[in-house]
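Reader: I am new to this structure. Please show it to me, and let me ask how its labels are earned.

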Amino acid sequence: HRSVLLERMQHTSLAARGIRPQAVATPRTHRCCRSRQLAASCKAMKENWQNVDNPVVGPSKSFSPEQAVRAQLDACANNDDPWINHGIQTMYEFAEEAGSMERSRYFVHFEKDLYHFDHFMGGFSTRLGQLLNHKSYQVLEPAQGKEVAPGLLQIDVEVVDAKGDKGTFQFTMVQKELGSKKGCWMTKSLCKLQA
């Protein structure tokens, strides 16, 4: 039953991306697998079911720093829409050091590599979980941010979380200098300010 379910999931996932399921190659039977059922489960272990499309909204050169912050918060308001952890994935796409093996200060109070989305997701859920499925937010003045160093802007946002509690979060934004996101406003760091 598990192999049939996994096959249906794969076909559904491929169909959603516009790929015809018939085009999928049949997996070879591995030496470790003694039956078709085991071969299917072995193949499933090698698949990464977290591979999903890019977020609905991602970094854009046309976004101002405030628009980049709003795009992230809008995605976090409905974290699991259109798929599970879409809001956190959007935050990851806007993280300036996403995909880097270097230690990042994205979470301000501790260093963490952001090479894998899973690393980011764990840190985000623990440190910034109040942003997930929040009820509302308000960008505080100055909405365009205040320059704290050359090329670094800080934007403060007051958030009402899912429980109705308020908290103020500080986004430090920077323009990406290299790569496919060159010129886009990205989040250098994000933290909750102490009351």
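Author: One term comes before the rest: contact means heavy atoms within 4.5 Å. This model is predicted. By that cut-off, and leaving aside neighbours within four places in sequence, Leu190 is in contact with residues including Met91, Tyr106, Phe124, Leu131 and Phe171.

Reader: Why is Leu190 called buried?

Author: Buried means under 20% relative accessible area. Leu190 has 0%, so Leu190 is buried. The residue is found in strand β7, which covers residues 185-193. Leu190 and Thr172 are 18 residues apart in sequence, yet 6.3 Å apart in space, C-alpha to C-alpha.

Reader: Which residues have the most contacts inside the largest nonpolar core?

Author: They are Tyr106, Phe120, Phe124 and Leu190, in a core of 30 residues. Several elements each supply at least two residues of this core, among them α4 (86-94), α5 (117-128), β6 (166-175) and β7. The largest share, 5 residues, comes from α3.

Reader: What does Tyr106 touch?

Author: Not counting residues up to four places away in sequence, Tyr106 touches Met91, Phe120, Phe124 and Leu190, among others.

Reader: How many salt bridges does a search of the whole structure find?

Author: The search finds 5.

Reader: What makes Lys181 and Glu93 a salt bridge?

Author: The cut-off is a side-chain nitrogen of Lys or Arg within 4 Å of a carboxyl oxygen of Asp or Glu. The side chains of Lys181 and Glu93 meet at 3.1 Å, N to O, so the pair qualifies. Lys181 lies in the loop between β6 and β7 and Glu93 in helix α4, so the pair ties together parts that are 88 residues apart in sequence.

Reader: Are Lys181 and Glu93 buried or exposed?

Author: Glu93 has 18% relative accessibility, under the 20% limit, so Glu93 counts as buried. Lys181 has 22%, so Lys181 counts as partly exposed.

Reader: How do you know that Glu97 and Lys188 meet in a salt bridge?

Author: Their N to O distance is 3.6 Å, which is within 4 Å. Glu97 lies in the loop between α4 and β1, and Lys188 in strand β7, so the pair ties together parts that are 91 residues apart in sequence.

Reader: Why is Lys166 called exposed?

Author: Exposed means over 50%. Lys166 is at 58%, so the label fits. The side chains of Lys166 and Glu158 meet in a salt bridge at 4.0 Å, N to O. Glu158, at 25%, counts as partly exposed.

Reader: Which residues do salt bridges with shared partners join into one network?

Author: Glu96, Glu97 and Lys188.

Conventions
Residues are numbered from 1 along each chain as its sequence is written. This is a predicted model: local features need pLDDT of at least 70, side-chain atom pairs count only at pLDDT 80 or more; totals for chains, interfaces and linings use all residues. Side-chain values use heavy atoms; hydrogens and water are left out. Helices (H or I, at least four residues) and strands (E, at least two) are DSSP runs, numbered from the N terminus. Buried means under 20% relative accessible area, exposed over 50%, partly exposed in between (1.4 Å probe, protein chains only). A nonpolar core is a set of buried Ala, Val, Leu, Ile, Met, Phe, Trp, Tyr and Cys residues joined through side-chain atoms within 4.5 Å.
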